[in-house]
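Student: I should like a close look at a single part of this model, namely its aromatic side chains. Please take me through how they are arranged.

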Amino acid sequence: MSGLTIDQTVALVAVLFAGGFLLFGWLGWRQISSSSRLPFFMLRRDRVAAGWRMIGLALILALAALMVQLFGRQAAYTIVPPTPSATPTATQTQTPTITLTPTITMTPSITPTPSITWTPTTTATPVIPDSVGVLFRETVTPDPRAALSSIEVASRLDRSNRAVSPKDAFVSPGGVLYGAFTYNFMQDGVRWTAIWYRGSTIVCLESKPWDGGTGGFGYTECDPQEGWQAGDYEIQMFVGTEWKVSVRFEVLSGTPTPTAIPTEAPSPTAPPTSPPDTQTPSAS
C-alpha cells in the first residue's frame, strides 16, 4: 500500500471489513438454512451454532467497518500527521504585447423590419371546472407515469370493456354511449374524472376513486337526461386534477334506418281431396 494515501487506505480497510461482513453473513445464513435438511439433531444443532457464530463475526466486521469509516481517518492523522504539499509557483507570467483595437466601427444605415409579426397561438389545457363541485378527499397521490390511451366512442362494449364498432359520428343514438380506453400505472384509490360536454354544456359527469387496478381496459359512460341532442360532443378525462386525454364526436339528427326482420315462408299445404269444381278458394 505504499502508493496509497491515508484516505485511500482507510477507505480500503472499511471496504474489506464490509466485504467480510457480507461474506460471513452469507455463509452463516447458508449454514442455518441447510441445517434443516440434516437427519440428526446433534448435527443440526452444531451447524446452527456454527452459522450463528459466522453471523456474529459478520456483525463484528460490520461494526469495525463503521468505526473505520467514522473514526479511522482521524486516528490515522493522529498517528501520522499529514505533511503539507508544496504549492507550485509559476516562474513566468506571459503578458500580451499588443492588443489590436479597431479604429472604425461600421454602423448599419438600414435596420430591416419584418412586415409580418408571428404570434404563437395557445391552446388551453382542459381543467376541471369549479362549478362541477368535485371534492378531492383522497390521500392517494397519482403516479406521474399514469397514462390513458385515446378514447373510442361506441354504443356497445365487449366482455373485455373494448369498444365494438367505434365511431366519431352517431345518428340519433338511443340510450348509453361508452368511451372506452386502455390505462397503465394507475393506482386504486386515486380520483379520476370524466366530463361529457355538448358544446360548453356538461351533460354527464363521472368522478370517483379508481378501483380498476394498474393496467387494463376501462370505460366511461353517459346517458343524458334530455337524450342525445344533435351537436358536437367532447369527453375530457382527468387523473387527480391533471388532464390526460380528450376525444370529440358528433351526434346527427335523423331517424335510424329500421332493420328488416326476416319472415318465414308459408309452409306448403296438402293437396285438396275434394274435386276441384266443389273446392271454395281461401283468402291468402
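Tutor: Trp196 and Phe249 are both buried. In this predicted model, the centres of their two rings lie 6.1 Å apart with the planes at 75°, so the pair is edge-to-face; the cut-off for that class is an angle over 60 degrees. Trp196 belongs to strand S7, whereas Phe249 belongs to strand S11 (residues 242-252), and the pair thereby links distant parts of the chain, 53 residues apart. Trp196 and Phe249 also belong to one aromatic cluster, together with Phe170, Trp228 and Tyr233.

The count of aromatic pairs comes to ten. Another of these pairs is formed by Trp192 and Trp210: the ring centres are 5.6 Å apart and the planes stand at 80°, so this pair too is edge-to-face. Trp192 is in strand S7 (residues 191-198), and Trp210 is in the loop between strand S8 (201-209) and strand S9 (216-222), so the contact ties together parts that are 18 residues apart in sequence. Trp192 and Trp210 are both buried.

A ring may also face a charge. The charged end of Arg162 sits over the ring of Phe217, at 5.6 Å from the ring centre.

To summarise the part requested, Trp196 and Phe249 are buried, pair edge-to-face, and share an aromatic cluster with Phe170, Trp228 and Tyr233.

Note on methods. Residues numbered from 1 in each chain as written. Predicted model: local features only at pLDDT ≥ 70, side-chain atom pairs only at ≥ 80, totals over all residues. Heavy atoms only, no water. Phe/Tyr/Trp six-rings, centres within 6.5 Å; stacked < 30°, edge-to-face > 60°. Helix = DSSP H or I, 4+ residues; strand = E, 2+ residues; numbered from the N terminus. Buried < 20%, exposed > 50% of the residue type's maximum accessible area, 1.4 Å probe, protein only. Lys NZ or Arg CZ within 6 Å of the ring centre and 35° of its normal.
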